[in-house]
Amino acid sequence: MTPQTSGISSDLLWNLYRNSPEAVLFFDAANHIIAINPAAERLFDPKLLSRLSSGGNNAFCFTCRGYTSEEELMSCLNCYLSAPARDFASFQLFLETKERGLLPFSASFFPLDDESGIRVLMLRDLTRPLMTQDSLNRNTMTKSIIKAQEDERKRISRELHDSVAQELISSLVDLRVLKYLNVQDEALQKIQQTEASLTRLLDQIRNLSVELRPASLDDLGLEAAFRSHFKWIEKNYGVLVRFTAELNGTRFNSEIETVVYRICQESVLNALKYADVDEIAVRLFEREDGLELVVRDEGCGFDVNARDPKGTGLGLYGMKERTELVNGELTITSEPGNGTSVHLRIPTGKAAAAPASGDPGKSYGRGEEK
């Protein structure tokens, strides 16, 4: 190495030491801190820094809360400062910082000069990576829970339809046969009452089966499932759902179709409960950047920023969670007296869905906070 390149390397190393976001602390053989870089200075209180530079062997214990060992999350046994024979090239360390309290760090502790006993401790803040990992774990767990729920709904729905409902139909057939036999009037009347009760029970089981998970959603897709569901709503609630579908029979993966169906189902149910309307408009369409759903009513509306929404608020939270699982965007626009609009956008692989500029209301999705 020439003197010129040696000088350049020294300058680069000095700049790295001064400008690195990693904290660097140098210890002598007695565990006194003899030098730290600016990143390390920003971590600790000046009084503590003074104590660290002039204190005894245990001075660093005032800020250190232990490292992650094979036995404990925060352990002081076989401390890295007092056990030089162990390999501490990479480990997790917890330190009390000046402004942000106790933080986890990825640490590396190794000898720099064996003759003088100087060692260096390098620290990288793990807060953001751990938060990212925690968010990923939560999303993965939520996704698994929702999938398990849908699978169980499907199983129960099929069981109700294929087993319980079929048994009831068989019993109804037997009762109807009895009506044509020579039975007394009182017995005939009782048979007719039982037949009516079983018929109502059969209808309830069929409705419950569809509410749990309509078979048409898996077999025929969103359009068929929506049309069947909206007919049921009109029949049972007297509310007309004007449904417009612009998919031309296009099918999507099961996860996306389930999310769209559940969010539409919840939006329509909220309108039935709180909007005080006779008509709801639902539009389902596809653009180049993905699949979109719009549910609109002209009802009483609500304040999207209110801290005490009608109901428990769990429905809106569930809609937000489902949206995030498919990297979608959910915008809820509403004002008291001006109705409510729920707009769901889900990228389907062609391109990432972009948020609509200037869109009022509250938008959820893609990991954004409420």
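How many nonpolar, polar and charged residues does the lining of the largest pocket have? The lining comprises 14 nonpolar, five polar and six charged residues. The model open in the viewer is a predicted one, and this tour begins at that pocket.

**Stop 1: the largest pocket**

Select Arg153, Arg262, Gln265, Glu266 and Leu269, the residues that lie nearest the centre of the largest pocket. The lining as a whole consists of 25 residues, and the volume enclosed is about 590 Å³. To see which helices contribute, colour α4 (127-178), α5 (185-212), α7 (222-237), α8 (254-275) and α9 (314-325); each of these supplies at least two residues of the lining.

**Stop 2: helix α7**

Next, isolate α7, one of the helices that supply residues to the pocket lining. This helix has 16 residues, and the distance from its first C-alpha to its last is 21 Å, close to the 22 Å expected at 1.5 Å a residue. Display its side chains and pick out Leu222, Glu223, Ala225, Phe226, His229, Phe230, Trp232 and Ile233, which are buried. Then step just past the end of α7 to Gly238, where phi is positive, at about 70 degrees.

Leu222 also serves as a reference point for the loop between β7 (240-246) and α8, in which Gly249 is found. Draw a distance between the C-alpha atoms of Gly249 and Leu222: the separation is 8.9 Å, for two residues 27 apart along the chain. Is Gly249 buried or exposed? Gly249 is exposed, because its relative accessible area is 57%, and exposed means over 50%.

**Stop 3: the aromatic pairs**

Show every Phe, Tyr and Trp side chain. Across the whole structure, a search finds 16 aromatic pairs. Begin with Tyr17 and Phe26, whose ring centres are 5.9 Å apart; the planes meet at 45 degrees, so this pair is tilted. Tyr17 has a relative accessibility of 17% and therefore counts as buried. Phe26 is likewise buried, with a relative accessible area of 17%.

Move on to Phe27 and Phe109, an edge-to-face pair with 6.0 Å from centre to centre and 80 degrees between the planes. This pair links distant parts of the chain, since Phe27 belongs to strand β1 (residues 23-27) and Phe109 to strand β5 (residues 101-113), 82 residues apart. Why do both partners count as buried? The relative accessible area of Phe27 is 0% and that of Phe109 is 7%; buried means under 20%.

Keep these two rings displayed and add Phe60, Tyr67, Tyr80, Phe88 and Phe91. Ring pairs link these residues with Phe27 and Phe109 into a cluster.

**Stop 4: the loop between β3 and β4**

Select the loop between β3 (64-67) and β4 (91-97), where Asn78 is found. What is notable about the phi of Asn78? Its value is near 55 degrees, which is positive in a residue other than glycine. Most residues other than glycine have a negative phi.

Cys76 lies in the loop between β3 and β4 as well. With a relative accessible area of 58%, Cys76 is exposed. A C-alpha to C-alpha line from Cys76 to Arg65 spans 7.6 Å, and the two are eleven residues apart in sequence.

**Stop 5: strand β8 and its arginines**

Centre the view on Phe285 and add Arg283. Arg283 lies over the face of the Phe285 ring, at 3.7 Å from the ring centre. Now select Arg287, found in strand β8 (residues 279-287). Arg287 counts as partly exposed, because its relative accessibility is 45%. How far in space is Arg287 from Thr348, C-alpha to C-alpha? The distance is 9.5 Å, although the two residues are 61 apart in sequence.

**Stop 6: the loop after α9**

Finish at Asn327, in the loop between α9 and β10 (329-334). Asn327 has a positive phi of about 55 degrees although it is not a glycine. At 51% relative accessibility, Asn327 counts as exposed, the cut-off being over 50%. For a last view, return to α9, which supplies at least two residues of the lining of the largest pocket.

Definitions and conventions
Residues numbered from 1 in each chain as written. Heavy atoms only, no water. 1 Å grid on protein atoms, 1.4 Å probe; cavity = no way out; pocket = protein on both sides within 12 Å on 5 of 7 lines; lining within 4 Å. Points joined across faces, edges and corners; volume = space filled by probe spheres on them. Helix = DSSP H or I, 4+ residues; strand = E, 2+ residues; numbered from the N terminus. Nonpolar A, V, L, I, M, F, W, Y, C, P; charged D, E, K, R; others polar. Expected span 1.5 Å × (residues − 1). Buried < 20%, exposed > 50% of the residue type's maximum accessible area, 1.4 Å probe, protein only. Phe/Tyr/Trp six-rings, centres within 6.5 Å; stacked < 30°, edge-to-face > 60°. Lys NZ or Arg CZ within 6 Å of the ring centre and 35° of its normal.
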